[in-house]
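Dear colleague,

Please find below the structure that I am handing over to you. My findings on how its chains are arranged follow directly after it.

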Protein chains: 2
Amino acid sequence: MHKWNERSRPLRLERRFEFPTYELTRDFLDRLGELSEKRKRFPDISFGKTYVNLTLQPESEEKDATLSEDDMKFASEIDGLTKN
Amino acid sequence: MHKWNERSRPLRLERRFEFPTYELTRDFLDRLGELSEKRKRFPDISFGKTYVNLTLQPESEEKDATLSEDDMKFASEIDGLTKN
């Protein structure tokens, strides 16, 4: 989790991923799309040819929601997509 | 082309696309990925569950480059991806 930056107002986790080629960027986005559908969570994503920026907000939409164990687990699952 | 907004500093075209479902958002992103590879142009893209924001910069990287006919054609090809 050390590569995610926690920001406030609104509370969120952010991480930038970089890839050597457009093909690898797309592969990561495809895997992320599958994970999003499985978990029913759709983070905000920005990307270009060789980078992806992700913003994760707390799953709970309550005011003053904090980041839950599930939020951390989802972030960690995203990290796992870059392996292999 | 009327749905693209021209912005300056840096000069760019921006357009927001909205979709009723995540599946349709992903379909559009897949078609856009194929077009990007074909044209060797990789615009900056932001997306969430049901929207895609696109930023196109002039293909020419020269200082004070203007939007060319090719830039307009690429924007128009992107518009075409939402049809059918």
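Within chain B, the residue that comes closest to the rotation axis is Ser46(B), whose C-alpha lies at 2.0 Å from it. Please note that this is a predicted model.

The axis in question belongs to the operation that superposes chain B on chain A: a rotation of 180° with 0.0 Å of shift along the axis, giving an RMSD of 0.0 Å. The two chains are therefore related as by a two-fold axis. Both copies use the same surface, and 100% of the contact residues of chain B recur in chain A.

Ser46 also appears in the pairing of strands between the chains. Strand 3 of chain A, residues 44-47, pairs with strand 3 of chain B in the antiparallel sense, over 3 bridges. In this arrangement Ser46(A) stands opposite Ser46(B).

As to the contact as a whole, 10 residues of chain B are in contact with 10 residues of chain A. On the side of chain B that touches chain A, two elements give two or more residues each, namely helix 1 (22-39) and strand 3 (44-47) of chain B. Strand 3 of chain B provides the largest share of that side, with 4 residues. By character, the residues on this side of chain B comprise 4 nonpolar, 3 polar and 3 charged.

In short, the antiparallel pair formed by strand 3 of chain A and strand 3 of chain B includes Ser46(B), the residue of chain B that comes closest to the rotation axis.

With kind regards

Key. Residues are numbered from 1 along each chain as its sequence is written. Chains are lettered from A and ligands numbered from 1 in the order in which they are written. This is a predicted model: local features need pLDDT of at least 70, side-chain atom pairs count only at pLDDT 80 or more; totals for chains, interfaces and linings use all residues. Two residues are in contact if their C-beta atoms, placed from the backbone, lie within 7 Å. Ala, Val, Leu, Ile, Met, Phe, Trp, Tyr, Cys and Pro count as nonpolar, Asp, Glu, Lys and Arg as charged, and the others, Gly among them, as polar. Two strands pair if DSSP finds at least two bridges between them. Copies are superposed by least squares on the C-alpha atoms of residues with pLDDT of at least 70 in both.
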